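Biologist: Please take me slowly through one part of this model: how its strands are paired. Start with one pair and build outwards.

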Amino acid sequence: MHTPHTVVVTELDVERLQRVLDLQGDGAPTEHTEALEWKLSKASVTSPEAVPPGLVTMNSTVLFEDEGRGEFQQVTLCYPKDSRSAPGRVSVLAPVGVALLGLSLGQRVELEVPGGRRRRLRVVAVPYQPEAAGHFHL
């Protein structure tokens, strides 16, 4: 995954995501858990109250463009246990989920998806972000 910019993550998200990684740690690490661990280790951590409204945090709804295809998709970034509860949810352990976490409006990320294909995603909008809505404990 190529991320040439600073990734920002909230203190609460880091704490919860570390628990997710600890639970996943019972088996051999996967490419996705390793990618999330790497991203968290490089992230700038901030308080939920200091998060800018265009940042993709956990439980945010994000509209992104797949620049290679010119297609737009809207998803809600969620924890693995919540990813199957409704359509349009993507787990933070999925390649797209790891890639979107911590990006801001207008930022791009390049990632490799299963099958060896490369995708270049650009954050177009963040229609819902828990912190901007005052929902600090989702």
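Modeller: Start with E6 and E7, which pair in the antiparallel sense over 6 bridges. Two strands count as paired if DSSP finds at least two bridges between them. A strand is a DSSP run of E, at least two residues long, numbered from the N terminus. One caution before going on. This is a predicted model, in which local features need pLDDT of at least 70, side-chain atom pairs count only at pLDDT 80 or more, and totals for chains, interfaces and linings use all residues. Residues are numbered from 1 along each chain as its sequence is written, and side-chain values use heavy atoms, with hydrogens and water left out.

Now look at residues. Strand E6 covers 108-113, and its Arg108 stands opposite Arg122 in E7. E6 and E7 form a hairpin with 3 residues between the strands. Find Gly115 in this hairpin: Gly115 takes a positive phi near 95°.

Next, cross E7 to its other neighbour. Strand E7 (residues 117-128) also pairs with strand E3 (residues 61-66). This pairing is antiparallel too, and runs over 5 bridges. Here Arg122 turns up again, as the bridge partner of Glu65. So what lies on either side of Arg122? Arg108 stands opposite Arg122 in one pairing, and Glu65 is its bridge partner in the other.

Keep moving outwards, to strand E4 (residues 71-78) and E5. E4 and E5 pair in the parallel sense, over 3 bridges. In this pairing, Leu77 has Val90 of E5 as its bridge partner. Strands of a sheet pair through backbone hydrogen bonds, either parallel or antiparallel.

Now step back. What is the order of the strands? It is E5-E4-E3-E7-E6, an open sheet of 5 strands. The pairing is mixed: E4 with E5 is parallel, while E3 with E7 is antiparallel. The edge strands are E5 (89-91) and E6 (108-113). Each of these two pairs on one side only. Finally, the sheet twists: the average is 45° from one strand to the next. That angle is taken between lines fitted to C-alpha atoms (for helices, over the stretch in contact), and angles run from 0 to 180 degrees between N-to-C directions.

To trace the sheet yourself, begin at edge strand E6. Go through E7, E3 and E4 in turn, and finish at E5.

Conventions:
Helix = DSSP H or I, 4+ residues; strand = E, 2+ residues; numbered from the N terminus.
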